[in-house]
Amino acid sequence: MDNEINATYVTLDGHVEVHKYGCVYFVIMFTVYILILCSNSTVVCLIWIHKNLHEPMYIFIAALLLNSVLFSTAVYPKLLIDLLSEKQIISYSACLFQWFLYYSLAASEFLLLSGMAYDRYVSICKPLQYPTIMRKTTISMFLTLAWLLPACQVAVAVSLSANRQLCNFILKGIVCNNAVYQLHCVTSKVMTIYGMVALLNAVLLPVLFILFTYTKIFIISYRSSREVRKKAAQTCLPHLMVLINFSCLTTYDVLLVRLETNFSKTVRLIMTLQILIYHPLFNPIIYGLKMKDIYRHLKRLFSQN
C-alpha cells in the first residue's frame, strides 16, 4: 500500500482557514488556471496559424508557452481537488510523479530559454549564417533535448527516492517539490550529490550560457548601428525578463530544502503561489505585449471579436 502524505495547505491563519473558505479559493484558483490555459494557448495558436510567425524565435516562444501549460496541468487539477477536500492527501507514488513533472518541466524552461538565446545570438551576431545554422533540424534537436534531457535526469532522482524508507508523512507545502527529501528517514549522500549535479546541468549551466550569449549580443549591438541595437532590445529584453523572473523563483525552491532554510508558512505559500500563478501568466503577457509581431496579431484578433 502506498504511503500517504498529508500536504497541508497553509494561509495566514492556517489550514482550518483554508478549509473554511475552500470554495472561494477553488473559484479563484480555477479562474487562474483557465486564464493560464487561455492566455498561453492563444499565443501558441497565433504562432501556429500565421506563417510569418513560423520563425525559430517564435517556435521557441510557442514551446515555452506550451511548457507553461503542461507545468500548470501537472499541478492545478490536484490542487483544485484538495481545495474542496477536508483532508489534503496524496499517495507517495503519485507525489513522486508530480515531483517528476514539476522539475522536468521547470528544467525544460531553462533549456528552452537557452535555445532562444542561441537563436538571438546567431540572428544578431552572425546574420549571414543564420539560415544555414538555424534550420528545421537544428530547432527540432533543440526542442527534443530541452524536454528529453531534464526528464531523464529527474527520472533518475525519482527512482532513487521511490524505495527510500519514510519516517515523516507530513509534507510542508501545497505541491510535491524538493520537500520530499525531508520525508526520508536518512539523508542519502548519493541523492544529494546527484541532485547538485542535476542542478548544475539543468539550471546553472544554461543560465551561464544565456548570460554569456546576451553579453556578446549587447557588446556587438553597442558597436553596431542604431537599428541593430533596437532589434536586440526588442527581441532579447523579453527573454531576459522571463529568465530573471524564473531564476529567482527557482533559487527559492533550491534554498527551501538544499540549505534547509526555515521559511515561515506565509513565505512558503506566497512563493509557491508565485511559481504556480505569477510565472505561467507572466510569460504570455511579456511575449504578447513586447514582441511586436505577436502583439499585432493579438490586437487584430481582439479588435475583430
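**View 1. Helix α9 and the positive patch on the surface.** In this predicted model, helix α9, which spans residues 226–258, gives the most to the positive patch, with 3 residues. The patch of positive charge gathers Arg226, Arg229, Lys230 and Lys292 on the surface. Lys292 is found in helix α11, which covers residues 292–304.

**View 2. A nonpolar patch on the surface.** Leu200, Leu204, Leu205, Leu208 and Leu211 make a nonpolar surface patch of about 440 Å². Of these residues, Leu208 has its place in helix α8, which runs through residues 189–223, and because its relative accessible area is 53%, Leu208 is described as exposed.

**View 3. A stacked pair of tyrosine rings.** The whole structure holds 9 aromatic pairs. In one of them, the rings of Tyr33 and Tyr76 have their centres 5.0 Å apart and their planes at 10°, and the pair is therefore stacked. This pair links distant parts of the chain, since Tyr33 belongs to helix α2 (residues 22–49) and Tyr76 to helix α4 (residues 76–83), 43 residues apart. Tyr33 is buried, with a relative accessible area of 11%, and Tyr76, at 1% relative accessibility, counts as buried too.

**View 4. A tilted pair and its aromatic cluster.** The rings of Phe71 and Tyr102 have their centres 5.2 Å apart and their planes at 40°, so this pair is tilted. Because Phe71 lies in helix α3 (residues 56–73) and Tyr102 in helix α5 (residues 92–125), the pair ties together parts that are 31 residues apart in sequence. Both Phe71 and Tyr102 are buried, and ring pairs link these two residues with Trp99 and Tyr103 into a cluster.

Definitions and conventions
Residues numbered from 1 in each chain as written. Predicted model: local features only at pLDDT ≥ 70, side-chain atom pairs only at ≥ 80, totals over all residues. Heavy atoms only, no water. Patch = residues over 30% accessible without salt bridge, like charges linked within 9 Å, V, L, I, M, F, W, Y side chains within 5 Å. Areas by Shrake-Rupley, 256 points an atom, 1.4 Å probe, with all protein chains shown as cover. Salt bridge = Lys/Arg side-chain N within 4 Å of Asp/Glu carboxyl O. Lys, Arg positive; Asp, Glu negative; His and termini not counted. Charge placed at Lys NZ, Arg CZ, Asp CG, Glu CD. Helix = DSSP H or I, 4+ residues; strand = E, 2+ residues; numbered from the N terminus. Buried < 20%, exposed > 50% of the residue type's maximum accessible area, 1.4 Å probe, protein only. Phe/Tyr/Trp six-rings, centres within 6.5 Å; stacked < 30°, edge-to-face > 60°.
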